[in-house]
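New page in the notebook. I want to see how the parts of this protein meet, so I'm pulling up the model.

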Amino acid sequence: MANDKLITGKTKLLGVIGHPVEHSLSPAMHNAALAQLVVDIANLGLDYVYLPFPIAPENLEVAIAGFAAIGVVGFNVTIPHKQAIMPLLSEITPLAQTIGAVNTVSRQNNQWVGTNTDIEGFIAPLQTTYKQDWSQKVAVILGNGGAARAVVVGCHQLGFAKIHVVGRNVQRLQEFRDSWSNSPIAENLQVHQWEELSKLIPQANLLVNTTPIGMYPKVDESPLSGEEIANLPTGAIAYDLIYIPKPTQFLEQAQKQGAIAIDGLEMLVQQGVAALKIWLQQENIPVEVMRQALQKHLGLS
Ligand code: NAP
C-alpha cells in the first residue's frame, strides 16, 4: 500500500464538506485509495487529493461557488448539508431525489451534479456475499431517520416483498411514509410503532438497525431486548449501520441467535467506492486498501 501522496502542479482536488468535519473518516479512506491508484496506474494521470472542508451553513453557497472557481472535481456532503446543498445543484439524480438527500457531488460540463451513494453502499454486501432472491423476503428496519431512507430505497431496489419500518415518533413515521406516497416504494412499505416489534421480528429475513443505539461510547446498549431478538429466525441477516464498536451488542445478540451479521464498515467503504468511480470515471478502485485504511484508523487492525 502506498502511504505517501506527492502533490504536484497537476494535482486535482476532491473533499468532504460538513460542520463539523474533523471526525470524518473519508479523508483517510479516500487518500489511501488515491495514493494506491497513483502506484497502480500512474500513467493515466490519476493525480488527486481529498481534503476535509469545515463549512458553516451560512457559508455553504459561497463555498460551492468557490469550489467551482478553483476547479474542485467533486466532494462528499455530510451533516448538516445533505439537504441544504440540493437547491445549489444543477442536477440531482432520481436516486438522490427519492432519498431526499445528496452525499456525493461531481462537476460535469461545468455544472454540479448531486447523487447519493449510500444505497449502493448499503446493498453491496447483500448483492455480493449474501446474494439471493429477495422477492419473497421481508425486511424490518429499526429507525426512520436519514440513513433509514437509503435503506428503504436499497431494499426496494433489491426487490423485497415487504419493507417494515419501525419508529418511536408517530408523526415522523407518518411523514416518512407520506414522503413516498407517489412512489412505487409505497406499495411494499409499512410503518409501525416500536410496540409492534415483537410481532414483526419472527417474520424478518433482514433486520436492519439504523438507529444510533449501541454506537460508541454507549456500547452496552441495543435497540432490542434479549427477549425480542430471541424471536429472530435462524439464518436471518442482522445488519447494523453502526461501525464502532465492531460488532455492536445488537449484532452479538443476533449472532448468538444463529443470524448472519453485517456491520456498517462495509457500507462506509462501498459508498466511498461508488463516489470515487463517479469522480475518477474509473472502475478499478482499490477497495481492500480503503477497507484497511478505515480499519487502521478505527484501531481495528
Ligand atoms: P438520524 O437521521 O438522526 O436518524 C436516527 C433514527 O434513529 C431516527 O429515526 C431516531 O428516531 C432513531 N432513534 C434515535 N435514538 C433512538 C432511540 N433511543 N430509540 C428509538 N429510536 C431512536 O441519523 P442517521 O443519519 O439516519 O444515522 C443513523 C445511524 O446510522 C448512525 O449510527 C450513523 O452512524 C449510521 N450510519 C452509518 C452509515 C454507514 O456508512 N455505515 C451511513 C449513514 C449512517 P427519532 O426520529 O424519533 O429521533
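Before any numbers, I note that buried area is the accessible area (1.4 Å probe) that two parts lose on being put together, summed over both.

I'm working with a predicted model, where local features need pLDDT of at least 70 and side-chain atom pairs count only at pLDDT 80 or more, while totals for chains, interfaces and linings use all residues. Residues are numbered from 1 along each chain as its sequence is written, and side-chain values use heavy atoms, with hydrogens and water left out.

Entry: the split. I found domain 1 at 2-116 + 266-297 and domain 2 at 120-262; these bounds come from an automatic or database domain assignment. Their C-alpha centres are 28 Å apart.

Entry: the interface. I looked up the area buried between domain 1 and domain 2 and got about 1,000 Å², with 74% of that from carbon and sulfur atoms. On the domain 1 side, T98, I99 and M267 supply 50% of the area buried against domain 2, more than any other three residues. For contacts (heavy atoms within 4.5 Å), I have 11 residues of domain 1 against 15 residues of domain 2.

Entry: polar links. How many salt bridges does the rule find across the interface of domain 1 and domain 2? I got 0, where one would be a side-chain nitrogen of Lys or Arg within 4 Å of a carboxyl oxygen of Asp or Glu.

Entry: helices. Both α3 (94-99) and α10 (265-280) supply at least two residues each to the side of domain 1 that touches domain 2. I see that α10 gives the most, with 6 residues. Helices here are DSSP runs (H or I, at least four residues), numbered from the N terminus.
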